[in-house]
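This report is written for a reader who wants to look at the interior of a protein model and at the pairing of its charged side chains. Please keep the structure open while reading.

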Amino acid sequence: MSAGAARPTLREVWRPPSGIAILTEVNNTTIGVWYVLVGLFFFLAGGIMAMLIRLQLAVPANDLLGHDLYNQLFTMHGTTMMFLFAVPILEGVGIYVVPQMLAARDLPFPRLSAYGFWCYVLGGLLVLSSFFLGGAPDAGWFMYTPLSGKEYSPGKGADFWLLGLTFVEISALSAAIEITVGVLKFRAPGMTLGRMPIVAWAYLVVAWMIVFAFPPLLVGDILLEAERSLGVPFFDPKRGGDPVLWQHLFWFFGHPEVYIIFLPAAGMVSTMLPAFAGRPLVGHGWVIAATVATGVISFALWVHHMFAVGLPHVSMSIFSIASMAVAIPSGIQVFAWLATLWGTRPALRPPMLFILGFLFIFVAGGLTGVMVASVPFDWQVHDSHFVVAHFHYVLVGGMVFPLLGALYYWFPLATGRMMDERLARWVFGLLFVGFNLTFFPLHILGLLGMPRRVYTYLPGLGFDGLNLIATVGAFVMALGTLLFVIDLFRSAARGAPASDNPWKAGTLEWMGATPLSATGPVSVPEVATAYPLWEEPAAIERAAGGLDYLARPATGGRETLRIGVLTGAPEQVVALPGPSWKPLVAAVFTAVVVTALLYDQVALALAGGAAAAAFLAAWGWSSDRRPSADQVDAGRGVLLPTYGNDRGSHAWWGGVVAALISGSAYAGLASCYVFLWLVKPAWPPPDFAGMLPPSVLAWLAAGLALAAALAEAGRRAMALRHMRRAAAGLVAASAVGAGASLATLMLLAGSGLDPQGHSYPATLWAMTFFVVVHIAFCVAMVAFSLLRLALGLVTPERRMLVELTALSWHYTVAIGLASLGLAAFGEALG
């Protein structure tokens with residue numbers, strides 16, 4: 001921006017593109033709404049599948065659906081609801097509303113949000129398209145081996161599931177990075193962690209859960225697809241694999257996912273309830289602690305789903321205790337909600353109705369959860385309709401009802417209009433009655449012995465009447481859902497205008513006019529309480545008058561404040577990227593990679609991967625734009641830098657979270673090696689013992705350690721303004737790391753370790769491939785850094801790219817050394 005030129009206004013820099021260019025928008029207010037709308041589409045798709053399932057089971061010996069189509073429908077119903085509806089739509093609500101509650105103008109990496117969204121859309125459509133392209137997956141939404149292996153699932157259905165959901169999971173991991181860094185670093189000044197809204201805490205905990213729960217499943221998907229397409233055995237017992245390994249990988253993700261779905265919904269309840277009670281949430285700190293405890297304990301529950309597998313009794317007893325213990329923090333939240341309502345007269349408006357319905361259904365589901373946590377009882381009802389009833393009470397009661405309440409609650413914020421309250425009562429009544437009619441009888445059916453996942457049953461077993469009642473209830477629910485969808489779109493077009501803050505809430509998303517502007521608040525307030533609109537009206541009035549932070553674009557473009565994680569003090573004005581086609585195009589080429597692999601077109605997959613990488617690199621290049629000044633007036637007379645080289649930078653935090661995601665994936669992969677080692681009688685098998693000389697492994701370890709040391713030397717040289725030494729250190733690290741990779745590949749190739757012959761060489765090759773891919777990424781980062789360094793875009797004052805490159809080398813060397821250590825230890829014991 002030239003000297004003396006007028007700075008653009010907030011509306012000008014945040015104005016969304018028009019026409020087809022709206023697809024380039026990256027702002028959280030747009031991306032969040034898109035997530036919700038697409039999530040509702042997949043919800044309706046999953047609901048149609050559920051209706052067909054209930055029609056088939058309405059009467060005995062029904063021939064409406066054949067067994068093949070029924071298997072496809074129940075597989076895709078669970079897949080759609082869990083992977084394409086529940087998690088993404090909750091992420092969408094978080095992407096939309098959490099920054100507004102924190103008074104942030106956007107999330108830290110807007111183009112990452114957009115890329116994740118397009119991966120979600122394209123991946124979800126790819127999975128659903130399997131119905132029309134040769135048959136949908138039919139091995140269950142959990143894809144148990146060996147049923148999902150090539151022998152029993154020879155078509156493309158399982159490949160659609162494995163590759164399509166791997167694609168979709170990019171969106172979840174992208175959102176986890178965004179939400180983690182956004183909640184920790186992009187808040188209103190003065191908003192310490194203890195003053196954050198409960199829903200922000202819920203999303204922060206869930207983002208960390210995604211970081212550690214999703215990558216092992218992604219690894220499992222890739223390993224199973226490798227077994228199906230390349231014949232590499234990980235789950236085949238005839239070649240040293242173990243089908244139970246897949247269950248461990250899947251349920252280590254699967255049970256935390258229940259709480260990944262529940263915690264944001266519970267956070268929404270903790271946010272909405274005080275508005276209707278007219279007072280702050282009772283036990284604010286206790287609810288935060290309960291939220292964190294639930295997230296932690298959820299990782300100790302996955303064997304809860306495997307009690308019938310044949311595990312040691314001591315192990316099952318430990319997981320049984322953990323499965324019961326997780327009810328304690330959930331109970332704390334329930335009592336906090338009841339205490340908040342105690343002595344008040346809340347108006348029974350639509351959000352409040354859905355909160356009350358949630359409390360009834362979720363508590364009922366929690367009680368049956370404690371029942372199935374008991375091993376003997378679980379053995380009796382495992383794989384029966386009792387379990388179907390239990391998890392629908394937990395998931396629908398614990399997530400869908402709060403979500404619908406939240407959509408009614410925040411609808412005015414997004415549209416400036418109110419949904420029809422009279423129609424909302426019909427929606428609630430139909431859904432509440434229909435749900436209980438549908439799923440309560442399934443408890444009894446399970447106790448009577450009706451198994452799940454069967455497409456028909458014989459008359460005279462006592463199942464007939466209860467199944468018919470359940471089907472009638474499903475149609476009642478469908479009617480309620482149809483009314484909700486009609487009202488949603490009708491109200492968006494011509495609903496009654498909403499007043500500002502129509503619920504008289506105390507949180508920051510309601511501080512401005514409705515509908516919410518893409519700019520967020522007129523200026524960013526400084527807060528000192530958890531309910532600023534109730535307890536700090538003067539500060540909110542000051543911010544609404546444009547007298548606080550960032551009332552005008554200090555850098556001439558989109559921007560927001562970065563604050564200290566613990567202090568809440570302003571640290572930086574962060575310049576944010578604007579609309580771009582690059583995320584969408586990169587997602588399209590990623591879809592090309594996945595689709596090409598699905599049909600074994602390796603050359604096309606490589607070309608698509610190269611194109612996707614090119615657009616991702618171009619996106620990264622254009623995102624790091626040079627601001628107009630090194631320091632700017634952020635408002636209130638506070639001068640803040642526009643760039644951060646320190647470990648408090650949002651870019652550094654993003655790099656750390658990305659490394660943790662990769663580390664979680666590596667831990668899942670390494671756990672496969674350790675699991676097979678522990679359960680197999682000989683590891684390595686005698687035929688493979690002694691093929692990896694310890695001396696060679698030691699030399700490879702020394703080479704990797706040297707690469708890390710050289711990368712660190714380059715980083716320190718850049719900080720000391722020795723730019724040539726920095727470049728030399730990075731180049732040397734790349735040369736040594738690439739050499740170590742090549743030597744490792746040559747060692748394995750020449751050792752006779754055939755990855756298709758046994759799970760032992762297969763796991764070694766998998767860990768090696770994982771490390772080599774990361775070394776290649778580090779070399780690419782070095783090349784990227786050197787190019788920007790040569791053009792003067794990386795300097796000692798703007799060196800975060802070099803810091804992240806060194807971080808990548810340190811992490812990559814750590815997993816390389818871990819892999820060599822596992823191989824050496826296995827050889828020594830073998």
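What follows describes the cavities, the salt bridges and the cysteines of this model, which is predicted.

**Cavities**

The structure contains seven cavities of 30 Å³ or more, and the largest of them has a volume of about 240 Å³. Its lining is made of 19 residues, of which Thr744, Thr768, Gly816, Ser819 and Leu820 are the closest to the centre. Four helices each give two or more residues to this lining, namely α21 (694-719), α22 (723-750), α23 (759-790) and α24 (800-829), and the largest share, six residues, comes from α23. By class, the lining of the largest cavity has 14 nonpolar and five polar residues, with no charged residues.

The second largest cavity holds about 60 Å³ of space. Among the 13 residues that line this cavity, Glu91, Ile179, Tyr203, Val206 and Ile210 are the closest to its centre, and the elements that give two or more residues to the lining are α3 (67-101), α5 (157-185), α6 (198-230) and α7 (243-277). Here the lining has 12 nonpolar residues, no polar residues and one charged residue.

**Salt bridges**

A search of the whole structure finds 20 salt bridges, and three of the pairs are set out below.

| Acidic residue | Basic residue | Closest N to O distance |
|---|---|---|
| Aspartate 159 | Arginine 228 | 2.9 Å |
| Aspartate 487 | Arginine 490 | 3.3 Å |
| Aspartate 548 | Arginine 542 | 3.5 Å |

The pair of aspartate 159 and arginine 228 links distant parts of the chain, since aspartate 159 lies in helix α5 and arginine 228 in helix α6, 69 residues apart; both of these residues are buried. Aspartate 487 and arginine 490, on the other hand, are separated by about one helical turn, because they are three residues apart in helix α15 (residues 464-494). Within that pair, aspartate 487 counts as buried because its relative accessibility is 0%, whereas arginine 490, at 28%, counts as partly exposed. For the remaining pair in the table, aspartate 548 has a relative accessibility of 3% and is therefore buried, while arginine 542 has 34% and is therefore partly exposed.

Elsewhere, salt bridges join Arg647, Glu712, Arg715, Arg716, Arg799 and Glu803 into a network.

**Cysteines**

How many disulfides does a search of the whole structure find? The search finds zero. Cysteine 119 counts as buried because its relative accessibility is 0%, and cysteine 778 is likewise buried, with a relative accessible area of 1%.

Conventions:
Residues are numbered from 1 along each chain as its sequence is written. This is a predicted model: local features need pLDDT of at least 70, side-chain atom pairs count only at pLDDT 80 or more; totals for chains, interfaces and linings use all residues. Side-chain values use heavy atoms; hydrogens and water are left out. A disulfide is a pair of cysteine sulfur atoms within 2.5 Å. Buried means under 20% relative accessible area, exposed over 50%, partly exposed in between (1.4 Å probe, protein chains only). On a 1 Å grid over the protein atoms alone, a cavity is a set of points where a 1.4 Å probe fits but cannot get out, and a pocket is an open set with protein on both sides within 12 Å along at least five of seven lines; lining residues have an atom within 4 Å of a point. Grid points are joined across faces, edges and corners, and a volume is the space filled by probe spheres set on the points. Ala, Val, Leu, Ile, Met, Phe, Trp, Tyr, Cys and Pro count as nonpolar, Asp, Glu, Lys and Arg as charged, and the others, Gly among them, as polar. A salt bridge is a side-chain nitrogen of Lys or Arg within 4 Å of a carboxyl oxygen of Asp or Glu.
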